[in-house]
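I opened this model to look up a few things and wrote them down as I went. My notes follow the structure.

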Amino acid sequence: MVLREEVFSRLCLEPVNGRGSAGELSSIDPNDGAELARVRKMSRAEYDAVVVRAEQAFRLWRHVPAPVRGNLVREIAAELRACKAELGALVTLEVGKILAEGEGEVQEMIDIADFAVGLSRQLYGKTMHSERPGHRMYEQWHPLGPVGVVSAFNFPVAVWAWNAMLAAVCGDTVVWKPSPRTPLTAIAVQTICERVMRRLGHSDVFQVVIGDNDVVGEAMLDDRRLPLLSFTGSCAVGRHVAQRVSARLGRSLLELGGNNALIVMDDADLDLAMRAIVFGAVGTAGQRCTSTRRVLLQRGIASEMTRRLIAAYQQIRIGNPMEPATLMGPLISPQAVDQMISGLDLARAQGGQVLYGGNHLGGNFVEPALVRAPAGMPLLREEIFAPILYLLEFDHLDDAIAQHNNVPQGLSSAIFTRDVRSAETFLSHGGSDCGIANVNLGTSGAEIGGAFGGEKDTGGGREAGSDSWQAYMRRQTNTMNWSDQLPLAQGIDFSF
Ligand code: NAD
């Protein structure tokens, strides 16, 4: 088993004893409630000083050629490769996800960094044919400015990397506010960035601000010096963020809650479906935005799948996430446990039947729960950030798709089928209404190469691969007249 002290010493962090003061945040190990470290909270004045430095750094950084900017990101990726095990273990310590997933999160940082390095030579603009003779039209992408990143607890470092690695090659500087639950991982990442920035002679491209939501968080929402605010978190906070940022006509990039469903057709490969469902629902203790929360089973396989799911849930090894054999660690906090328990009570009151699990095992540990739910149960529309999986049944695909889409969120979705017609129906414009729709794989565990994000209450933002980089730049349309005439567009005659 990896030891807490070992991780700390390899990442040069100091463990603490005693309780935090009012001016400090405590980082708590969800496995045993121990205080891992105390971090001083920033004041409003300190926050302002950070943004001033981000502005100053931006004025220099935007002139560094993009492929040279890519070199900074390449070096960060090299450092991340070197400390993947230690940083992954720190994610496990602070968030409680199992070691394999902690390391997977660091791998995701490395992947997006590699992607961004390649991108640094591909920030392409289009050229267009002008309707006027002797004119050339094209568009350029310019750096935007200091970008604010507010991240959620459950992906404490990967989501920062999705934003920061792209923003950096695009010529932006980054001001990052991590979740107050995960200050340590943020400090470890910032320490790596500082080392690389110093070595390559750049400063303040990446900065971190740690503090209260009403001091540092609110300040970022209203701060006109941050033209883009990238926010990852719950729909409720995201709605507030969107309103505040749009009130100053700023841009927001929203990655909000999910309520992801997976459809299993009678003709599906049930072994594949089983593995995808269990990882999707139980992985990260159900605390992923893409966690599978609803499974829609076609009537012919419903009882077999239910039986197999109960058997699989009995095999889940719950315990200390630092033990390599553990499959499910703790929830993040006692409040998260309470939300799961009261969610299950509400499900029962609304006609749901708990088929397996849902018991509190002490501390932040719970059994994952399987709940048979009647179609239209009001609770099905809500994201409870815990391992509760609702099982529903249907006869026809049309009905399954209607149930699937009947939630406010629209992040990730999947269907298991061997029938190309069912697969294509699910992927067609009358099918899944989510930002991510998969066939014969689960709802969670996206690769960074695609654009990641969701529709409806999930906020519409897209991060990571494909053309998501465009969110971090401003587009400029240029028309160059190389003739000795001044023809007007639309053929307008304005001779005088
Ligand atoms: P949360 O909404 O409680 O907090 C998210 C972040 O917002 C934290 O950094 C928090 O400190 C900050 N915040 C809270 N109030 C603020 C305010 N007034 N001003 C500025 N910042 C404020 O979410 P959480 O519990 O940390 O994370 C879980 C949620 O995040 C789930 O809903 C999950 O689905 C969602 N999530 C979405 C994605 C995605 O990509 N779509 C990824 C990860 C998590």
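These entries cover the ligand site, the nonpolar core and three single residues.

**Entry 1: the ligand shell.** I kept in mind that this is a predicted model. I started with the residues around the ligand and found 28 of them. S151, N213, E218, S234 and E383 come nearest. I then sorted the shell by class. It has 13 nonpolar, 11 polar and four charged residues.

**Entry 2: where the shell comes from.** Which elements each supply at least two residues of the shell? I noted α8 (213-222), β8 (228-232) and α9 (235-247). Helix α8 gives the most, with four residues. I also checked the domains. Domain 1 (4-256 + 459-477) and domain 2 (260-439) each provide at least three residues of the shell.

**Entry 3: polar atoms at the ligand.** I looked up three distances to oxygen atoms of the ligand. For N213, a polar side-chain atom lies 2.5 Å from a ligand oxygen. For K177, a side-chain N or O atom is 2.8 Å from a ligand oxygen. For G233, the atom is a backbone N or O, and the distance is 3.4 Å. How much of the ligand does the protein bury? Taken alone, the ligand exposes 860 Å², and the protein buries 88% of that.

**Entry 4: the core.** Next I went to the largest nonpolar core, which has 132 residues. L87, W160, M165, F206, I263, V264 and Y390 touch the most other members. Helix α6 (residues 158-169) contributes the largest share of this core, 11 residues. Why does the core lie between domain 1 and domain 2? Both domains give residues to this core, so it lies between them. I added a general reminder: in soluble globular proteins, nonpolar side chains tend to be buried together.

**Entry 5: positive phi.** Most residues other than glycine have a negative phi. I looked up two that do not. N440 is not a glycine, yet its phi is positive, about 60°. I placed N440 in the loop between β19 (436-439) and β20 (451-452). K456, also not a glycine, has a positive phi near 55°. K456 sits in strand β21 (residues 455-456). I then checked exposure. N440 is partly exposed, with a relative accessible area of 33%. K456 is partly exposed too, at 36%.

**Entry 6: D493.** My last stop was the segment after β23 (473-481), where D493 is found. Is D493 buried or exposed? Its relative accessible area is 63%, and exposed means over 50%, so D493 is exposed. The D493 side chain makes a polar contact with the side chain of S495, at 2.7 Å.

Notes:
Residues are numbered from 1 along each chain as its sequence is written. This is a predicted model: local features need pLDDT of at least 70, side-chain atom pairs count only at pLDDT 80 or more; totals for chains, interfaces and linings use all residues. Side-chain values use heavy atoms; hydrogens and water are left out. A residue is near a molecule or strand if one of its heavy atoms lies within 4 Å of it. A polar contact is a pair of N or O atoms within 3.5 Å; within protein, one must be able to donate a hydrogen and the other to accept it, and residues adjacent in sequence count only if both atoms are side-chain atoms. Accessible areas come from the Shrake-Rupley method with a 1.4 Å probe; for residues, only the protein chains shown count as cover. Ala, Val, Leu, Ile, Met, Phe, Trp, Tyr, Cys and Pro count as nonpolar, Asp, Glu, Lys and Arg as charged, and the others, Gly among them, as polar. Domain bounds come from an automatic or database domain assignment. A nonpolar core is a set of buried Ala, Val, Leu, Ile, Met, Phe, Trp, Tyr and Cys residues joined through side-chain atoms within 4.5 Å. Buried means under 20% relative accessible area, exposed over 50%, partly exposed in between (1.4 Å probe, protein chains only).
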